[in-house]
Amino acid sequence: MKIEKIADNLVLKNGTIIDPYLGKTYEGDVWIKNGKIAGVGNINIPNDSTIINCSGKTITHGFCDIHVHFREPGREDKESLQTGSRAAMAGGFTRVCVMPNTNPPLDTPESINFIIKKAEKCPIHIHPIGAVTKTQGGNDLTEMGLMHQEGAVAFSDDGLPIQDGAMMRIALEYSTLMDLPIINHAEDECLRAEGVMHEGKISTHLGLQGNPDLAESAMVHRDLELAEFTGARLHVPHVSSEKAVHHIRKMKINNEKVTAEVTPHHLFFNDEALRCFNTNLKVAPPIRTEKDRKALIEGVLDGTLDCIATDHAPHTIEDKETTFDLASFGMIGLESCFGAVKKVLVDEEGMTLESLIKLLTVNPRNIMGFDSDLFGEGIEAELIVVDSDQEWTFSREHVQSRSINSPFYNKGLSGKVIHTISCGFITNN
Amino acid sequence: MMLQHKHLLGLEGYPAEDIQTIIDTAFKFREVLDRPIKKVPSLQGVTIVNLFFENSTRTRISFELAQKRLSADTVNFSASSSSLKKGESFKDTAQNIEAMKIDAVVMRHPTPGAPKLLTEFIDAVVINAGDGTHEHPTQAILDMMSLHEKFGKLKGLKIGIVGDISHSRVALSNIYGLLIMGAEVTLCGPPNLIPPFIKELGVEVSTQIDEVIEWADALNVLRIQRERMGLGLVPSTREYRAMFGLTQERLDTHKKEIVIMHPGPMNRGVEIDGTVADGDQAIILDQVLNGVASRMAILYLLCGGKSSEGDES
Amino acid sequence: MSHKILMDAGSVGRSVTRLSHEILERNDNADEIVLIGIHNRGVPLAGRIQAKIKNISGVELSLGSLDITFHRDDYRERLVIPQVQGTDISFSLEGKIVVLVDDVLYTGRTIRAAMDELNSFGRAAKVQLAVLVDRGHRELPIKADYVGKNIPTHEGEHVKVTLIETDEIDGVYLIRSQES
């Protein structure tokens, strides 16, 4: 994948423009001058422009992923902000939020500042999420106010649940000071125990320790009630079970401060895929039954689940090429995301392309308070060109991450990002 | 005759005719074990590694005897638990073995799926001697051979499996094997030691040992595995014995012909009384001898021909 | 393929009778003789010889059967593992005169495997071999002590023995595969 500086005058010509902010779809051109939007629709193209022919393609907002792991500082052998940026652009993402479970974790204003400074050199927008508790230990609140001032956009101990209910309450209460969401990785440690995959028929067949769905739904329910009680903003990450979707749907009726996300792999796979002990499908929370997968799709279609987030989790070959119990949890996901969710939600479930794009653009941006009017004049260009009909097979050559742990190899995907424009750069995917 | 799969990783989905072939061949090897000189040259020049990542005396000895009676060359590798902790050794160990050009590996490992992972690193035949709480196919085969010896058939037999089902690879492999061969299986044990979704495999479940004794033609009594439990899932051994133990008193009240099996090692006085284990209805020692014979059959059928580029599953 | 009949039922019967007499004649002490038939057709043949000898001398010889599958010398070369019938020798061979019985003697490899296997049952005083047909083409230094009929064969020819016990009628046939 090539990344180049964007031409002074770049015109994306004859594309189908999908504007998820205004909710409009129309044919037209987009003129980007010195990296900023200069004209959209029917425009007079300047003579010295570089023209990209977008006929048959879609031009839309760059995707925003509010849940990725870029492993810097500490595990740059898995991923760095730079390599993660490449992976993001390969998948059409121009803006991401990085989780704080690094080494050391992002639990001080200084570490938040570290990310902000490093991100300035990256070709996409990277926002740090701060830890809720110091060292993610679950005991002492971090200096959320100062971290917010340095640029933290939300707080999470992701990777680990906030097991103690009293601590979760305090975190939610304190977060109202900044009006930022708390993102809790909801898996009750006691119920989850040593589980490595969803507890069900398949785990019984395989003799693997199971992690039941109620480990997730019980804690999600607790968090939802605490959110209502405290009036704080709660964002539920990587929802994986029918039961959790059910709780969220109910509580959202009276509480618009609750949001939720779902990953592409939870929408694409069910636990039958784990019959071969494939460690690339070992993930937390686990991939569950077909019934759960269908419930997640239902949750996306009816708005219970607000956005898609990949939970991009790079791991080294040694972390994954081992026995199932010792393999690390997680998979990369930025490069395969659009092709996977477009196939499931649009091709198989009949969602419109416009609605899908909202899940990847305005919805996550709204949750984090990022600007969404990306076709507005003078706005720094953060756009992608997509061939939404292209059928392709995911392979190693599509991976830009430093790690290669993906279960999507040799899977047929639908819809491919051709160009990603962000921070004055453009990719050729 | 040739088995359809190159490896023996488990009995799930295993062809019934191949299980029958193994059992029939095992009976032929029983005869060899009755000779004054208990040796056949069938696996001469074949090198087999016993790769045991988990402690086991009886299974390893049983395999070693089987290998030696077939004139194979055997090598034992016992990995210490510390080399297991990070797991790096697994792939390296596997590739080292492959580099030494061995023909077959008999592996025991504490993690489900480890033998399958091994087949991805090496070309040799892999035989699963127990992978954590997943399968122990050779145990189930010797159990089925022993039942076949006693009843002349497997189809239609009623088998009860009693004990800590949720941590038992012996139970799971027996369930797969017995159902494939047309037997009926009922599981019995403390409710918190029976996996919630186990009925989906096609078995019945009961917590009442006396009902199961009434129903069954044979009982396979599992050891209460203290080292796997960690959380103290059974209140006490006396409680377990009272509620599920195969005591002499309990058997006497039932007054019926029932075959008693146990994979060993036994906790005498806990899941089974010493007098029951030593009594006429128990075939535990036959199981041990059948263990050697059936492992000879498995090794012979998997390693005794030209190595083919066939089915790798 | 062409079939030529070499021995009919009557010939087979007469050969069995002659072999039985020869075995008794060659060995002084009938009580020490044991008959071991080699699967498949050596087994019923050994049974017939046992019956004939009882008829002639009143002595019932011990009878056993031998499956040489596990002792074959070609076990690593075959893709398909042969069906195992099983060995049944329920007495010691220590000090005995073992007469191996088979239907056709050809390369000699079956007999080599049989002698190898006999070792597992004790050390025989003597081992002798009785066959219904010797078709030549030995690959090992093996010879039969008692032969029903010598049938020289060429490459592409095959000798087939049928017996009432296994195939409904007694007979020996020469089968020549058609030249293409």
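This passage describes a sheet in chain B, the contact between the two chains, the domains of chain A and a pair of packed helices in a predicted model.

In chain B, 5 strands form an open sheet with parallel pairing, and their order across the sheet is β7-β6-β5-β8-β9. The edges of this sheet are taken by β7 (204-206) and β9 (259-261) of chain B, each of which has a single partner strand, so one side of each is left without a neighbour in the sheet. From one strand to the next, the twist averages 25°. Within the sheet, strand β5 (residues 158-162) of chain B pairs with strand β6 (residues 184-188) of chain B in the parallel sense, over 5 bridges, and one of the residues concerned, B:Lys158, has B:Glu184 in β6(B) as its bridge partner. Helix α7 (residues 169-180) of chain B packs on the sheet, where α7 touches β5, β6 and β8 (218-221) of chain B, and the direction of α7 makes about 160° with that of β6(B).

The contact between the chains takes 22 residues from chain B and 15 residues from chain A. On the side of chain B that touches chain A, the elements that give two or more residues are α4 (88-99), α5 (114-121) and α7 of chain B. The residues on this side of chain B divide into 9 nonpolar, 6 polar and 7 charged.

Chain A is divided into domain 1 (2-59 + 377-428) and domain 2 (62-368), and the C-alpha centres of these two domains of chain A lie 26 Å apart. Their contact takes 32 residues from domain 1 of chain A and 43 residues from domain 2 of chain A. On the side of domain 1 that touches domain 2, two or more residues are given by each of β17 (383-393), β18 (412-422) and β19 (425-428) of chain A, and the largest share, 7 residues, comes from β18(A). The residues on this side of domain 1 of chain A divide into 16 nonpolar, 13 polar and 3 charged.

Two helices of chain A also pack together. The axes of helix α8 (residues 242-252) and helix α10 (residues 290-301) of chain A come within 8 Å and cross at roughly 25°; because angles under 35 degrees count as roughly parallel, α8(A) and α10(A) are therefore described as roughly parallel to each other. The crossing in which α8(A) passes α10(A) is left-handed. In this contact, A:Glu242, A:Val245 and A:Arg249 of α8(A) meet A:Lys291, A:Asp292, A:Ala295, A:Leu296 and A:Gly299 of α10(A), and the residues involved divide into 3 nonpolar, 1 polar and 4 charged.

Definitions and conventions:
Residues numbered from 1 in each chain as written. Chains lettered and ligands numbered in written order. Predicted model: local features only at pLDDT ≥ 70, side-chain atom pairs only at ≥ 80, totals over all residues. Pairing = 2+ DSSP bridges. Helix = DSSP H or I, 4+ residues; strand = E, 2+ residues; numbered from the N terminus. Axes fitted to C-alpha atoms, helices over the stretch in contact; angles between N-to-C directions. Contact = placed C-beta atoms within 7 Å. Nonpolar A, V, L, I, M, F, W, Y, C, P; charged D, E, K, R; others polar. Domains from an automatic or database assignment. Parallel < 35°, antiparallel > 145°, perpendicular 65-115°, else oblique. Left-handed = near helix turned anticlockwise from the far one by under 90°.
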